[in-house]
Amino acid sequence: MKRSVFRRFAVSACLLLGLASCSDRLEPPTTPAELPAGTVRSHAREASVQALSGALARALASSSLRRQILEDLRDSPFPQHRIHLRSYLQGARGGGLAAAAAASMGMEAPQFATLLGSLPDLELVVPRPSDRMHWTGSDSLAVFGTTLSGPELIGGRSVKGYTPAGVPVTLGVFEVAPYAVIMLRPSEVDFGRDPETGGPPLRAGREDQQAGG
């Protein structure tokens with residue numbers, strides 16, 4: 001692929017995924033042999049994150065839980081409506097979602113807590129500006145989960161997710177989904193000591209308006 005063509009595709013992917021780490025100096029992806037050892041992800045962790053995304057998606061079949069998570073995402077003080085996943089699910093606001101997700105996985109609360117503790121530091125995020133502006137809590141959504149970083153996704157990887165009906169879906173980097181996209185992915189911001197209440201002074205909604213939605 002010519003370098004200029006790749007750059008246009010990569011910039012489109014940045015906008016689609018809402019990746020803060022992208023720049024106009026993107027280069028074509030390296031070959032697997034050139035990747036640093038630190039980028040090799042555990043297949044077990046990836047499977048666990050995807051299983052958790054499925055459980056959260058099925059839990060969001062509940063209209064009341066969808067409404068609550070919509071409000072909590074919009075109230076986030078972090079860019080792109082980010083929420084620190086583990087803190088949220090173990091906190092007061094996310095307790096109902098956590099309980100429903102655990103039930104859909106056939107887990108008791110202690111087992112679910114152990115699962116969350118075994119995962120890398122993840123954020124729950126609405127990456128696309130259009131979804132942050134227009135999703136009103138309907139069931140037209142899918143929850144995707146990955147342990148891949150932004151540059152790895154830009155390298156052409158697709159992500160797997162689920163609808164509230166439990167239907168598995170796959171989203172390519174350059175695809176535009178016809179539903180709202182919620183992602184579980186490695187944290188890209190410092191949530192501070194108390195992710196439930198801390199964060200930078202710039203609120204997510206204001207940032208989106210400054211960025212043109």
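Is the crossing of α2 and α5 left-handed or right-handed? This tour of a predicted model begins with the whole chain and reaches that crossing at its second stop.

**The whole chain**

Display the chain as a cartoon. It has 9 helices and 6 strands. Of its 213 residues, 43% count as buried. Among contacts in the chain with a separation of 6 or more, 77% are accounted for by residues 24 or more positions apart.

**Helices α2 and α5**

Select residues 43-59, which form helix α2, together with residues 95-104, which form helix α5. Two packed helices are described by the angle between their axes and the distance between the axes. Here the axes come within 8 Å and cross at roughly 115°. Angles of 65 to 115 degrees count as roughly perpendicular, and α2 and α5 are therefore described as roughly perpendicular to each other. The crossing of α2 and α5 is right-handed, which settles the opening question.

Next, show the side chains where the two helices meet. From α2, select Ala 55, Leu 56, Arg 58 and Ala 59; from α5, select Leu 97, Ala 100, Ala 101 and Ser 104. By class, this contact of α2 with α5 comprises 6 nonpolar, 1 polar and 1 charged residues.

Now select Ala 103, which is also found in helix α5. With a relative accessibility of 55%, Ala 103 counts as exposed. A C-alpha to C-alpha distance drawn from Ala 103 to Ala 55 gives 8.4 Å, although the two are 48 residues apart in sequence.

**The largest nonpolar core**

In soluble globular proteins, nonpolar side chains tend to be buried together. The largest nonpolar core of this model has 32 residues, of which Leu 89, Leu 97 and Phe 112 touch the most other members. Several elements each supply at least two residues of this core, including α3 (63-75), α4 (85-89), α6 (109-118), β2 (122-125), β3 (141-145) and β6 (180-186). Helix α2 gives the most to this core, with 6 residues.

Centre the view on Leu 97. Leaving aside residues up to four places away in sequence, Leu 97 touches Leu 56, Ala 59, Leu 60, Leu 65, Ile 69, Tyr 88 and Leu 89. Apart from the largest core lies another core, of 12 residues, among them Leu 148, Val 169, Leu 171 and Ala 177.

**Single residues worth selecting**

Which residue lies in the loop between α3 and β1 (83-84)? Select His 81, which lies in that loop. Its phi is near 60°, a positive value in a residue other than glycine. His 81 has a relative accessible area of 5%; buried means under 20%, so His 81 is buried.

Return to helix α2 and select Ala 47. Ala 47 counts as partly exposed, at 42% relative accessibility. From its C-alpha, draw a distance to that of Thr 146: the two are 8.6 Å apart in space and 99 residues apart in sequence.

The last selection is Ser 138, placed in the loop between α7 (129-134) and β3. Ser 138 counts as partly exposed, at 30% relative accessibility. How far apart in space are Ser 138 and Arg 67, C-alpha to C-alpha? The distance between Ser 138 and Arg 67 is 8.3 Å, with 71 residues separating them in sequence.

Definitions and conventions:
Residues are numbered from 1 along each chain as its sequence is written. This is a predicted model: local features need pLDDT of at least 70, side-chain atom pairs count only at pLDDT 80 or more; totals for chains, interfaces and linings use all residues. Side-chain values use heavy atoms; hydrogens and water are left out. Axes are lines fitted to C-alpha atoms, for helices over the stretch in contact, and angles run from 0 to 180 degrees between N-to-C directions. Helices (H or I, at least four residues) and strands (E, at least two) are DSSP runs, numbered from the N terminus. Angles under 35 degrees count as roughly parallel, over 145 as roughly antiparallel, 65 to 115 as roughly perpendicular and the rest as oblique. A crossing is left-handed if the near helix is turned anticlockwise from the far one by less than a right angle, and right-handed if clockwise. Contact means heavy atoms within 4.5 Å. Ala, Val, Leu, Ile, Met, Phe, Trp, Tyr, Cys and Pro count as nonpolar, Asp, Glu, Lys and Arg as charged, and the others, Gly among them, as polar. A nonpolar core is a set of buried Ala, Val, Leu, Ile, Met, Phe, Trp, Tyr and Cys residues joined through side-chain atoms within 4.5 Å. Buried means under 20% relative accessible area, exposed over 50%, partly exposed in between (1.4 Å probe, protein chains only).
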